[in-house]
Amino acid sequence: MAVAGGICWGFSGCCGQFLFEEKGVSAPWLVAMRLLFAGLILMGAGAFFDGKKNLEILAHKRDRIHLVLFSLGGITFCQFSYFMAIEASNAGTATVLQYLSPILILAVLCIRELRLPKGLETAAVALSLLGTFILGTHGDLHQIHITAEALFWGLMAAVSSMIYTMLPGTLIQKYGIYQVLGYGMFFGGLVMSLVIHPWNMEAAWDTGMILALAGVIVIGTAIAFGLYLGGVSIIGPLRGSILGSVEPVSAVLLSVVWLGTSFGGAELLGFGLILAAVFVLTLARQK
């Protein structure tokens, strides 16, 4: 279940790439649609599983403020930067760059604790930096092989993913995933819609458009979260996070097989080093 959830997340990124390349959809429009309707789905799931308890998060002013901050600074920023990275490059590259977020979380923890990385943490940092360097330059300091826009949004996706992971904190412990993510996504979608006016976008609403949009909203949200959280509840968060790391691998493979994206040996080496860094850091966390 944890692996299937990760694959669903990777698949949703490829659906986003398909919409950008084949249907002329813009990243802001797609983010607004995903947040709005995925939020409704998760809110509905919360009402089904928790009943009236699904409204508790709205009853306390301090938690409402925390939720709004998480919605805009966490969820909306995370989704926007991720799909902007896909639009500027491809689903595989964007997803792998987003997986630098655990290294950024480590940096924040080291600053909080006034210490340097140690042991496996140092190895993880070194692997992530080397992987990013190879991905961007192919080992040649005099030539950049990734656009500045793609690199910027990929790194912003990592930063926003770090914020998205650390910001909710006690909210999820207190209220649960469906309330926090459901209301957070829905509110973020409303704000995005008021800013970009998605109803003004002209799109070719054919079968491919509808199915790819469902892949982003339904498969990449409701089904992915349900499978992943179900798996984590059985095997625990540590093993679940390791198995969930199949997401960037699935995004790379699907973008090659389905969308015809080509990656050279240097890109694959960079991907491998970044994912190895995440794995090493997970082992350090276990110790």
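In this predicted model, Y175 lies in helix α8. The relative accessibility of Y175 is 9%, so this residue counts as buried. Leaving out residues up to four places away in sequence, Y175 touches E56, I57, H60, D63 and V180. A contrast is given by L269, which stands 94 residues from Y175 along the chain; the C-alpha atoms of these two residues are separated by 41 Å.

One of the residues touched by Y175, D63, takes part in a salt bridge. D63 pairs with K174, and the closest N and O atoms of the two are 3.0 Å apart. Because D63 lies in helix α3 and K174 in helix α8, the pair ties together parts that are 111 residues apart in sequence. The two partners can also be described by their accessibility. D63 has a relative accessible area of 11% and is buried, whereas K174, at 53%, counts as exposed.

A search of the whole structure finds four salt bridges. Among them is the pair formed by the side chains of E113 and R115, with an N to O distance of 2.6 Å. R115 also meets the side chain of E121 in a salt bridge, here at 2.9 Å from N to O. E113, R115 and E121 are thus linked in a network of salt bridges. Within this network, E113 is partly exposed, with a relative accessible area of 47%. R115 is partly exposed as well, at 24%. E121 has a relative accessible area of 13%, a value under the 20% limit, so E121 is buried. In general, side chains of opposite charge can pair when their charged atoms come close.

The protein chain as a whole contains 13 helices and zero strands. Read along the sequence, its elements follow the pattern α-α-α-α-α-α-α-α-α-α-α-α-α. The radius of gyration of the protein chain is 19 Å, close to the 19 Å given by the globule rule for 287 residues, so the chain is as compact as a globular protein of that length. Along its principal axes, the C-alpha trace spans about 55 × 50 × 35 Å. Of the 287 residues, 48% count as buried. Among contacts with a separation of 6 or more, 84% are accounted for by residues 24 or more positions apart. The protein chain exposes about 13500 Å², and carbon and sulfur atoms supply 69% of this area.

The interior was examined next. In soluble globular proteins, nonpolar side chains tend to be buried together. The largest nonpolar core of this structure has 49 residues, of which L19, L30 and F83 touch the most other members. Two or more residues of this core come from each of α1 (2-22), α2 (27-50), α3 (61-88), α4 (91-98), α7 (148-166), α8 (170-175), α9 (177-196) and α10 (207-235). The element that gives the most is α2, with ten residues. Apart from this core lies another, of eleven residues, among them V96, L97, L100 and A158. For F83, leaving aside neighbours within four places in sequence, the residues in contact are S12, G16, F20, A27, L30, V31, R34 and V216. One of these contacts, L30, is itself named with F83 and L19 as touching the most other members of the largest core.

On the surface, V3, I7 and L243 form a nonpolar patch, with about 200 Å² of accessible area together. L243 is found in helix α11 (residues 237-244). The relative accessible area of L243 is 37%, so this residue is partly exposed.

Two residues stand out by their backbone angles. Most residues other than glycine have a negative phi. H138, although not a glycine, has a positive phi of about 60 degrees. H138 is placed in the loop between α6 (120-137) and α7 and is partly exposed, with a relative accessible area of 30%. H197, also not a glycine, has a positive phi of about 55 degrees. H197 is found in the loop between α9 and α10. At 36% relative accessibility, H197 counts as partly exposed.

Note on methods: Residues are numbered from 1 along each chain as its sequence is written. This is a predicted model: local features need pLDDT of at least 70, side-chain atom pairs count only at pLDDT 80 or more; totals for chains, interfaces and linings use all residues. Side-chain values use heavy atoms; hydrogens and water are left out. Patches are made of residues with over 30% relative accessible area and no salt bridge: like charges are joined within 9 Å, nonpolar side chains (Val, Leu, Ile, Met, Phe, Trp, Tyr) within 5 Å. Accessible areas come from the Shrake-Rupley method with a 1.4 Å probe; for residues, only the protein chains shown count as cover. Helices (H or I, at least four residues) and strands (E, at least two) are DSSP runs, numbered from the N terminus. Buried means under 20% relative accessible area, exposed over 50%, partly exposed in between (1.4 Å probe, protein chains only). A nonpolar core is a set of buried Ala, Val, Leu, Ile, Met, Phe, Trp, Tyr and Cys residues joined through side-chain atoms within 4.5 Å. Contact means heavy atoms within 4.5 Å. The radius of gyration is taken over C-alpha atoms; the globule rule is 2.2 Å times the number of residues to the power 0.38.
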